[in-house]
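User: I'd like to learn how to read a protein model one feature at a time. Could you walk me through this one?

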Amino acid sequence: MDAGELRRLCLSLPGAFEDFPFGPESSVFKVGAAAGKAKMFALTELAGEPLMISLKCEPELALQLRAAHPEITGAWHMNKTHWNQVEVASGLPRDMIRDLVEDSYDLVVASLPRKDRESLAWKGLAEG
């Protein structure tokens with residue numbers, strides 16, 4: 001997966017947009033309903049080598065992923081209990097990266113007020 005594909009993936013999620021609060025080199029992908037406060041679900045430097053992305057993750061799963069995949073570590077400058085850093089071009093399957101981005105998005109949307117979740121037509125966290 002390259003930077004363009006990663007950016008398109010993040011922006012394809014309902015209510016997602018790109019912001020640059022840390023400067024033009026750091027893309028912050030946020031989700032927010034029209035009337036609500038936006039929250040970050042992904043952080044990346046799209047021009048970075050290697051291409052990395054920080055994604056929110058459930059704490060137990062974050063530890064399991066780090067143990068199983070050396071390409072996944074605690075996110076730099078983030079709460080490592082809740083955020084993983086993923087080396088995108090490391091050879092991890094595209095489907096796995098897509099799932100990690102979608103999981104991060106779902107965790108953030110789940111924390112939004114019900115009115116905002118409903119306005120995004122969010123279906124809820126996947127079971128299992």
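User: Let's begin with charged side chains. How many salt bridges does the count come to?

Analyst: Happy to help, and please keep in mind that this is a predicted model. The general idea is that side chains of opposite charge can pair when their charged atoms come close. In this model the count comes to 7 salt bridges. One of them joins the side chains of D19 and K30, at 2.9 Å from N to O. That pair links distant parts of the chain, with D19 in strand β1 (residues 16-19) and K30 in strand β2, 11 residues apart.

User: Are D19 and K30 buried or exposed?

Analyst: Here the two partners fall into separate classes. D19 is partly exposed, because its relative accessible area is 26%. K30 has a relative accessible area of 17%, so it counts as buried.

User: Which salt bridge joins residues within helix α3?

Analyst: A helix has a simple rule that helps here. An α-helix has 3.6 residues a turn, so residues three or four places apart point the same way. In this structure, D95 and R98 meet in a salt bridge at 2.8 Å, N to O. Because they are 3 residues apart in helix α3, about one helical turn separates them. D95 is partly exposed at 48% relative accessible area, and R98 is also partly exposed, at 32%. Look at their surroundings too: D95, R98, D99 and E102 are linked in a network of salt bridges.

User: Which residue does R114 form a salt bridge with?

Analyst: The partner is E118, and the closest N and O atoms are 3.7 Å apart. R114 and E118 lie 4 residues apart in helix α4 (residues 114-119), so about one helical turn lies between them. Both R114 and E118 are exposed.

User: Back to α3. How far does this helix reach from its first C-alpha to its last, and which of its residues are buried?

Analyst: A useful check on a helix is to compare its reach with the expected rise. Helix α3 covers residues 94-110, 17 residues in total, and reaches 24 Å, close to the 24 Å expected at 1.5 Å a residue. The buried residues of α3 are M96, I97, L100, V101, S104, Y105, D106, V108 and V109.

User: Now the strands. How many bridges join β2 to β3, and how do these strands run?

Analyst: For strands, look at the bridges and the direction. Strand β2 (residues 27-31) and strand β3 (residues 39-44) run antiparallel and are joined by 5 bridges. As an example to find on screen, F29 has A42 in β3 as its bridge partner. β3 is also joined to strand β4 (residues 52-56), by 3 bridges and again antiparallel. There, T44 has I53 in β4 as its bridge partner.

User: What does β2 pair with on the β1 side?

Analyst: β1 and β2 pair in the antiparallel sense, over 4 bridges. F17 stands opposite K30 in β2. The two faces of β1 are worth a look as well: A16 and E18 make up the covered face, while F17 and D19 make up the uncovered one.

User: How many disulfides does a search of the whole structure find?

Analyst: First the chemistry: a disulfide is a covalent bond between the sulfur atoms of two cysteines. The search finds 0 disulfides here. For C10, the closest cysteine sulfur is in C57, 15 Å away, which is too far for a bond. C10 is buried, because its relative accessibility is 0%. C57 is buried as well, with a relative accessible area of 7%.

User: Where is N84, and what does its side chain make a polar contact with?

Analyst: To read a single residue, go from its place to its accessibility and then to its neighbours. N84 is in strand β6 (residues 83-87). At 3% relative accessible area, N84 is buried. Its side chain makes a polar contact of 2.6 Å with the side chain of R66. Beyond four places away in sequence, N84 touches several residues, among them I53, L55, C57, A62 and I72.

User: Where is P70 found, and is P70 buried or exposed?

Analyst: P70 is found in the loop between α2 (59-68) and β5 (72-74). P70 is exposed, with a relative accessible area of 72%. You can also compare sequence with space here: P70 and E87 are 17 residues apart in sequence and 9.1 Å apart in space, C-alpha to C-alpha.

Key. Residues numbered from 1 in each chain as written. Predicted model: local features only at pLDDT ≥ 70, side-chain atom pairs only at ≥ 80, totals over all residues. Heavy atoms only, no water. Buried < 20%, exposed > 50% of the residue type's maximum accessible area, 1.4 Å probe, protein only. Pairing = 2+ DSSP bridges. Disulfide = S-S within 2.5 Å. Expected span 1.5 Å × (residues − 1). Salt bridge = Lys/Arg side-chain N within 4 Å of Asp/Glu carboxyl O. Polar contact = N/O pair within 3.5 Å; in protein donor to acceptor, adjacent residues only side chain to side chain. Contact = heavy atoms within 4.5 Å.
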